[in-house]
Every structure is written in structure tokens, then in C-alpha cells.
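I opened my notebook to look through this structure one topic at a time. Here is what I wrote down.

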Amino acid sequence: MEHLIELRDVYKIYQMGDEAVHALDGISLTVDPGEFVAIVGQSGSGKSTAMNIIGCLDVPTSGTYHLAGVDVSTMDDDQQAEIRNKMLGFIFQQYNLIPKLNVLENVELPLLYGGVSASERHRRAMEALERVGLADKCKNLPSQLSGGQQQRVSIARALAGKPSVILADEPTGALDSRTGREVLGFLQKLNAEGDTVVLITHDNSIAVKARRIVRLQDGRIIYDGDAHDPRAVVQPEDEAAAGEAREVLNV
Amino acid sequence: MNVGQSFRLAIKSLLTSKARALLTMLGIIIGVAAVIVIVSLGTGMQTYMNSQFEQVGVNLIQVMVYEQPGNRNADADDFYELAEKYPQYIDSVTPALTISGIVRHGADEYERTSVTGVSETVYNPETSQTVNGEQLEDGRFLSYVDVERNQHVCVVGSYLNEAMFGGRGVGQSLTIGGVPFTVIGTMRETADSTEGSGDDFIYVPYGLAPQLNGAAGGSGMNGYLVASTSEDTSSAAKGVIESMLFRIYEDSSWYQVITMAEMMSMMDSMLGVLMTILIVIAAISLVVGGIGIMNIMLVSVTERTREIGIRKSLGAKGRDIRGQFIIEAGTTSAIGGVIGILLGILLANVFTAVVGMVMPTAEGFAAIPSAGGILVSFGVSVGIGVLFGYLPANKAAKLNPIDALRYD
């Protein structure tokens with residue numbers, strides 16, 4: 001079976017003055033359709049860079065990235081925009097709704113750029129809003145909604161384009177723990193319904209909601225496997241943390 | 001492309017900061033209003049001038065002859081003979097001969113007064129004014145008998161009437177080159193009644209010109225106003241006048257023959273040059289307005305960096321973003337253009353009213369904005385917005401989505 005996401009030996013090197021910083025230092029990773037993967041790591045681990053590359057917002061310095069069998073690592077800006085539009089749905093920490101547009105217009109945006117007709121746009125946007133339970137708020141401005149509701153709007157926006165992959169970048173970072181759990185529950189539900197979800201977070205307790213964890217450190221993958229393995233959530237040399245992790249996981 | 005949404009967004013962002021929008025549009029508003037007012041005034045002036053010409057007579061031909069010292073000169077009799085010879089072309093002749101005799105009243109000398117020898121035809125009793133537009137105030141104008149018999153009578157302008165006679169000129173006398181004249185009429189003020197102005201003149205019967213000039217020993221420039229039988233025969237009449245003058249002078253630099261039609265087109269082209277210069281100056285304001293729009297668009301791009309990042313992450317291509325900002329700039333300048341057009345129409349009407357009030361003689365003058373001018377200024381203002389919006393829009397289109405998303 002063809003992998004949905006396939007990173008092979010990906011490097012991302014930034015030139016900071018005289019020094020070359022390896023944000024990604026030879027990463028190989030595959031994600032299959034229907035998976036729920038959490039990419040975890042502390043700040044500076046390269047997870048944001050990984051997310052940018054998986055999200056077609058950036059291209060690797062070397063190595064290849066195939067998305068649904070298409071090599072997207074050498075595409076120009078407009079081709080990448082098209083891939084983002086058709087295949088990826090983004091959920092951001094800051095929701096990133098456009099404040100001047102109402103909820104419905106925000107959800108319609110990716111369809112607008114995808115060239116979908118007005119009536120079809122409206123139908124699909126309403127469908128996505130119904131899926132997140134906010135169809136009745138479609139004429140509201142984002143500022144009139146709570147944080148949790150705004151994040152659900154951004155999930156609807158990600159869903160409206162019927163993407164192959166949903167990329168969630170710290171989706172609970174700006175929410176209190178209860179609404180955060182709600183949003184995570186949502187992502188799990190989407191995954192259960194067949195959507196592929198890639199979650200990027202620094203928080204182990206969120207990462208364990210996924211089914212698979214990919215742990216990054218210093219631009220390298222140090223763990224890739226079942227989310228319920230204690231090794232998934234700890235630094236290999238940190239035995240104290242391993243004890244905590246067992247408690248969190250109840251194993 | 002999402003033209004509809006970009007347009008609505010542009011209107012929305014203009015409405016959310018009205019003061020800023022107004023200041024941004026000010027240059028365009030002033031520029032467009034100025035262009036509309038200038039074009040309206042120019043067209044109004046042209047229409048007015050043409051109607052004035054028509055009132056005086058489109059069949060008139062103005063002839064200027066410079067006196068050639070020591071040789072034979074063309075005189076009024078030559079013109080009257082020509083009129084008799086070509087009655088199919090020439091209807092009438094009105095001489096206007098320059099007289100150089102010094103004007104005196106008592107001990108006072110009036111050196112700058114222009115003395116002109118004319119016939120009674122220079123005054124049209126139907127319109128109650130001379131071909132120069134002067135109207136009678138008191139007394140009467142020169143009559144056929146005065147001219148025929150070379151009577152020593154004269155008509156004076158308002159300056160002399162005031163300065164010499166304190167406003168009661170009719171019946172008084174003055175001397176020109178030592179020859180006494182009786183004032184039979186005074187004319188109404190046309191300029192400002194000062195020395196050397198358009199009100200400082202004397203009309204005498206033209207037949208006295210050789211005598212008066214002989215006494216002063218002067219030479220000068222003589223004018224003849226020839227009316228052709230119709231507008232169509234005016235060029236034929238011009239031809240016979242020119243050939244007559246060439247026979248006498250054998251050199252075309254001693255005289256000048258201009259038909260009213262030629263004069264009209266000369267005035268029109270002069271007005272055209274003047275208007276072009278004014279429009280160019282007004283256009284500078286449009287350019288300044290365009291720079292204002294560019295400036296505010298650059299600010300707007302910076303302010304909305306995050307929005308640009310979001311749109312890009314959702315699949316907006318460079319041209320989508322560029323289009324959005326260009327439409328916004330175009331909308332801003334178009335609204336400015338519409339306000340400018342309305343202001344221009346208002347000002348043109350105000351000017352018409354003011355001119356009507358200040359100059360009652362300029363009756364029939366109206367500054368009317370033309371539909372073509374309005375359309376062109378609207379088009380130009382939109383064009384300027386698009387032109388000056390391109391640079392900021394391009395900057396927005398080239399933003400890196402990662403940096404744009406992280407921007408606060």
C-alpha cells in the first residue's frame with residue numbers, strides 16, 4: 001500500500017551567520033491513511049520545521065517528501081499553495097481565523113481559493129460547521145465566539161476542503177484544559193471516522209491521545225511507535241520522568 | 001479569483017477607519033475635482049467665447065494695416081471701392097484708424113488716450129454696443145451725417161468722462177492735435193476706468209484721420225472691420241482684400257487679414273494650451289494621491305501580515321493575494337474618484353453662479369462638466385489606484401507564509 005506521507009532522509013539546514021543549524025538532521029518517516037500521529041518534542045527539537053515541511057509551507061534542504069505519491073519537495077510557491085489547498089487542513093494554536101470575516105466566510109476560504117462555486121462552497125462549509133456543531137453561529141464574527149468555539153471553527157475550516165491530512169499545530173495550546181480535552185476528543189472522533197491526523201505538540205499528556213508517537217530531539221527521530229509504550233513519552237536517559245510517564249499512562 | 005470578496009473586504013476596511021480612508025483618498029479627491037473644474041471651466045469658456053463671436057458676427061474679417069512711411073498707403077477709400085467692386089463678397093466696411101494727435105482739455109494732457117477714427121457702423125443700434133462690446137452711457141453715438149461731413153464730434157470712454165468732465169461729458173469740448181471736438185456721447189465702463197485702460201479712448205469720424213495725423217506728423221496702425229456677405233464668402237472676401245493690399249504694398253508683412261473663423265480657432269487653440277497646462281498641474285495632485293494610496297497600502301500589508309499568512313496556508317496563491325490588495329487599492333481610489341467627481345460638479349456649479357454674480361456681462365457663461373470628462377477622471381483614478389497598489393500588493397504576494405503566520 002502507498003504511504004500518504006513519506007519523508008525520506010530529510011534535512012533542513014539554516015545558515016545562522018557562519019554556523020549551519022540542522023533543524024532537521026536526516027529524518028525518514030511514513031504515515032499511512034487513517035493514522036493519528038503525534039509529533040512530539042521540546043522547543044528546538046525540530047518539530048515546527050517538520051510540521052512546516054509536512055504542511056508544504058517549506059521545502060527541505062535535501063531529501064524528498066512524497067505526499068500521496070507526489071514529490072512535493074521541489075515544488076514552487078504556487079504549486080505548494082495548490083497542494084495545501086487540496087490536500088492539507090491546518091489547525092493552529094491561535095485558531096488563525098480572519099477577524100473581519102464571519103464564521104461561514106472563514107470556513108469557505110479554502111474552498112474559495114480552490115475555485116469551488118459559490119453554492120457548493122456554502123453547502124460544504126455548512127456541512128463542516130454542522131460536523132463541529134456550530135452551524136447556528138455561521139453569521140457570527142470570530143470575536144463573538146469563545147476560544148473553544150473558535151478552535152472548532154478552525155477545525156471546520158480544515159475539514160471543509162476535504163483534505164487528505166489534518167495538521168494540528170498545538171491545537172490546545174491556547175485553551176483551558178477542559179476545552180482542550182474537548183478539541184482533542186474531536187480530533188479523535190475525526191480520526192475514528194477515517195481522517196488522517198498529524199498532531200504537533202510539546203505536551204506528552206496531549207500526545208498520548210494519538211495512536212502513534214514520533215518523538216524528535218535535536219532534529220532526529222528518537223522514538224517512533226505505539227503511543228502507549230512508556231518509551232514514547234520520555235527522554236531515554238530520564239528515568240525519573242519514566243516513572244511519571246507510567247503513572248500518566250496507567251501502565 | 002475572489003473579486004467579490006476582495007471588493008467587500010476593501011469596503012469593510014475603508015468603513016472601519018473612515019478618517020484614515022478619507023485622508024488616503026484626499027489627493028485623488030482634490031486631483032479629480034480640480035480636473036473636472038478645469039475642464040468644465042474651459043469648455044464653458046469656449047462655448048461662451050464662440051457664442052460671443054457669433055453674436056459679433058462670424059462673417060467679420062479683421063484687417064490690420066501698418067503705415068508705410070513715405071509711400072502710398074491703403075486708406076478707407078480703397079476698402080470702400082473694393083466693397084463696391086465685390087458686392088457679392090463684401091457687405092460693409094468699418095474703418096478703425098489710429099490717430100496720434102495729443103489729447104488736451106484745458107491745460108491737461110492725456111498722452112495715453114487712444115484715439116480711433118471710425119464710421120457709424122462700428123456701433124450696432126440693435127445690440128446697443130460697439131464691435132468691441134462698449135455700451136453707450138449718455139448722449140448718442142457718431143451718426144452717418146457726422147461721419148459723412150467729418151464733423152468735429154467725438155464719443156469718449158468712461159475714464160475721460162470722469163477725469164475731464166467729472167461724469168458730465170456730453171456737450172463739453174476737448175482738443176485732439178490742437179483741433180477742437182465736441183463730446184456727443186459717453187460710453188459705459190468696460191475695464192476699471194483708469195488711465196491707459198480699455199476705458200481711456202476717443203472715437204472720432206474716420207475722415208478726420210489724415211488731417212489729425214498730418215498735424216501730429218505721426219504714423220501708426222490702422223484697422224478695418226470688413227463684413228463678408230455670409231460666413232461662406234468670408235474666405236473669398238479675405239482673398240480679394242489680400243490681393244488689393246498686396247498690389248499696394250507688394251509685401252505681405254505690412255498687413256494682416258484674419259477672418260473671425262480663424263480668430264475663433266486661434267482662441268480655441270490658445271485656450272486648449274492653457275487648459276492642458278492646468279490639467280497637467282492638476283494631474284500632479286493625482287500622482288501625489290496615488291503615492292498616498294501606495295503608502296497606506298504598504299502599512300495595510302504590514303498590519304495584515306498574519307491574515308496574508310493564514311490565507312496562504314489555506315491555499316491562496318501569490319496572484320490571489322496580489323489581486324486582493326490591488327482591488328482594495330483600486331476600490332479606495334475609485335471611491336475617492338467618485339467623491340472628487342461630485343465635488344468637481346459642485347464646484348463647477350458654484351463657479352458658474354459666482355461668475356454670473358460678479359460679471360453680469362458674462363451672461364450665458366456656464367461651466368458644465370462633460371460626461372466624457374467624468375468617465376475619464378473616474379477611469380484615471382481607478383488606474384492610479386491599481387498602478388500604485390501594485391507595489392504593496394506584490395510585497396504581500398511575496399511574503400513567506402511561515403514568517404507571516406508567526407507575525408504578531
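**Contacts between the chains.** Before counting, I fixed my terms: two residues are in contact if their C-beta atoms, placed from the backbone, lie within 7 Å. I also noted that this is a predicted model. With that cut-off, I found 17 residues of chain B in contact with 18 residues of chain A.

Which helices of chain B supply at least two residues each to the side that touches chain A? I listed α1 (3-16), α9 (305-313), α10 (318-358) and α12 (401-406). The largest share, five residues, comes from α9(B). I then sorted the residues on this side of chain B by character and got six nonpolar, five polar and six charged.

**Confidence.** I looked up the scores next. The model has ipTM 0.89 and pTM 0.72. For chain B the mean pLDDT is 86, with 97% of its residues at 70 or more. I kept a reminder for myself: where pLDDT is low, the predicted coordinates should not be read in detail.

**Domains of chain B.** Domain 1 of chain B is made of two stretches, 3-53 + 266-406, while domain 2 covers 60-229. Taken over C-alpha atoms, the centres of domain 1 and domain 2 of chain B are separated by 54 Å.

**A sheet in chain A.** I traced an open sheet of four strands in chain A, in the order β2-β1-β4-β5, with antiparallel pairing. Why do β2 (19-31) and β5 (70-71) of chain A each have one side without a neighbour in the sheet? Both strands stand at the edges and have a single partner strand each, so one side of each is left free of a neighbour in the sheet.

I then looked at one pair inside this sheet. Strand β1 (residues 5-16) of chain A pairs with strand β4 (residues 62-67) of chain A in the antiparallel sense, over five bridges. For A:Tyr11, I found the bridge partner in β4(A) to be A:Ser62.

**Nonpolar cores.** The largest nonpolar core has 119 residues. Which residues have the most contacts inside it? I noted A:Ile39, A:Ala156 and A:Val198. Helix α2 (residues 18-56) of chain B gives this core its largest share, 12 residues.

I followed A:Ile39 a little further. Leaving out residues up to four places away in sequence, A:Ile39 touches A:Lys47, A:Ala50, A:Met51, A:Val198, A:Ile200, A:Val214 and A:Leu216.

My last entry is another core, lying apart from the largest one and made of 54 residues. B:Val118, B:Leu142, B:Ile176 and B:Val204 are among them.

Note on methods
Residues are numbered from 1 along each chain as its sequence is written. Chains are lettered from A and ligands numbered from 1 in the order in which they are written. This is a predicted model: local features need pLDDT of at least 70, side-chain atom pairs count only at pLDDT 80 or more; totals for chains, interfaces and linings use all residues. Ala, Val, Leu, Ile, Met, Phe, Trp, Tyr, Cys and Pro count as nonpolar, Asp, Glu, Lys and Arg as charged, and the others, Gly among them, as polar. Two strands pair if DSSP finds at least two bridges between them. Domain bounds come from an automatic or database domain assignment. pLDDT is the predictor's confidence in each residue, from 0 to 100. A nonpolar core is a set of buried Ala, Val, Leu, Ile, Met, Phe, Trp, Tyr and Cys residues joined through C-beta atoms within 7 Å. A residue is buried if 20 or more other C-beta atoms lie within 10 Å of its own, exposed if 12 or fewer, and partly exposed in between; C-beta atoms are placed from the backbone.
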